[in-house]
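Thanks, everyone, for making time this morning. I would like to talk through the cysteines and the charged side chains of one protein, so please have a look at it before I begin.

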Amino acid sequence: MSPLGQRIGPVELKARWAWSELESSRFAVSYRKPGKDPLFDKRISGASFEELDAANQADLVDRITHNPNRSCLVSALDQFPNFKCEEWTRADIMLVRVVPILGGLTLEELVKLPLQNDLNHPIDAASKIPIDQEFHQDEPVIVLPVQSNGTACQLLLEGTLRAVLFLRSGQDKICVWFPT
């Protein structure tokens, strides 16, 4: 089920973010708990976010807020009371800036970079995915309005690899969680 048009708060968005990363070859290891992990089992079995109960969602929020690689990013969501899932065009998403650790470039500039010799970099990760593999977006990317050097802009907080794959797919629209 597409969340297009849906409105959610920052707590649910944090849980969705963590849920999407449980199947990531780049990030899942930082969420795994020792021993048997029922949330990973649910994700691997193909369960959807909507099938999770409140305790599972609270567990996801706890994992992402205590994840040293995500805590500073995810806290940015708390300044907004609600997010709405919107469709953005290719032109819209190309203008967003990526997080500073990726250079703070626009997405348009990022996709023009050569390989970075870092499998965690979205350009390198995208290069490992066959170009003819169909792009399917399970979870919207997250974009926030920010100030950069005194100028208003939009920051692609989460979903850079998905945005890169979207741009090379030729599809016209991408789903985005954006504050309302």
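Let me start with Arg63, which is buried, its relative accessible area being 8%, and please keep in mind that what we are looking at is a predicted model. The side chain of Arg63 meets that of Asp37 in a salt bridge, with 2.8 Å from N to O. Because Arg63 belongs to helix 3 and Asp37 to the loop between helix 1 and helix 2, the pair ties together parts that are 26 residues apart in sequence. Asp37 also counts as buried, at 2% relative accessibility.

How many salt bridges does the count come to? It comes to eleven, and I will take up two others. Glu23 forms one with Arg43, where the closest N and O atoms are 2.9 Å apart; since Glu23 sits in the loop between helix 1 and helix 2, and Arg43 in helix 2, parts 20 residues apart in sequence are tied together.

Glu50, for its part, forms a salt bridge with Arg16, the closest N and O atoms lying 2.8 Å apart. This pair links distant parts of the chain, 34 residues apart, with Glu50 in the loop between helix 2 and helix 3 and Arg16 in helix 1. Glu50 is partly exposed, at 41% relative accessible area, whereas Arg16 is buried, at 3%. Both belong to a network of salt bridges that also links Glu12 and Glu139.

Turning to the cysteines, the count of disulfides is zero. For Cys85, the nearest cysteine sulfur is that of Cys175, 4.2 Å away, and the cut-off is 2.5 Å, so Cys85 is in no disulfide.

Key
Residues numbered from 1 in each chain as written. Predicted model: local features only at pLDDT ≥ 70, side-chain atom pairs only at ≥ 80, totals over all residues. Heavy atoms only, no water. Salt bridge = Lys/Arg side-chain N within 4 Å of Asp/Glu carboxyl O. Helix = DSSP H or I, 4+ residues; strand = E, 2+ residues; numbered from the N terminus. Buried < 20%, exposed > 50% of the residue type's maximum accessible area, 1.4 Å probe, protein only.
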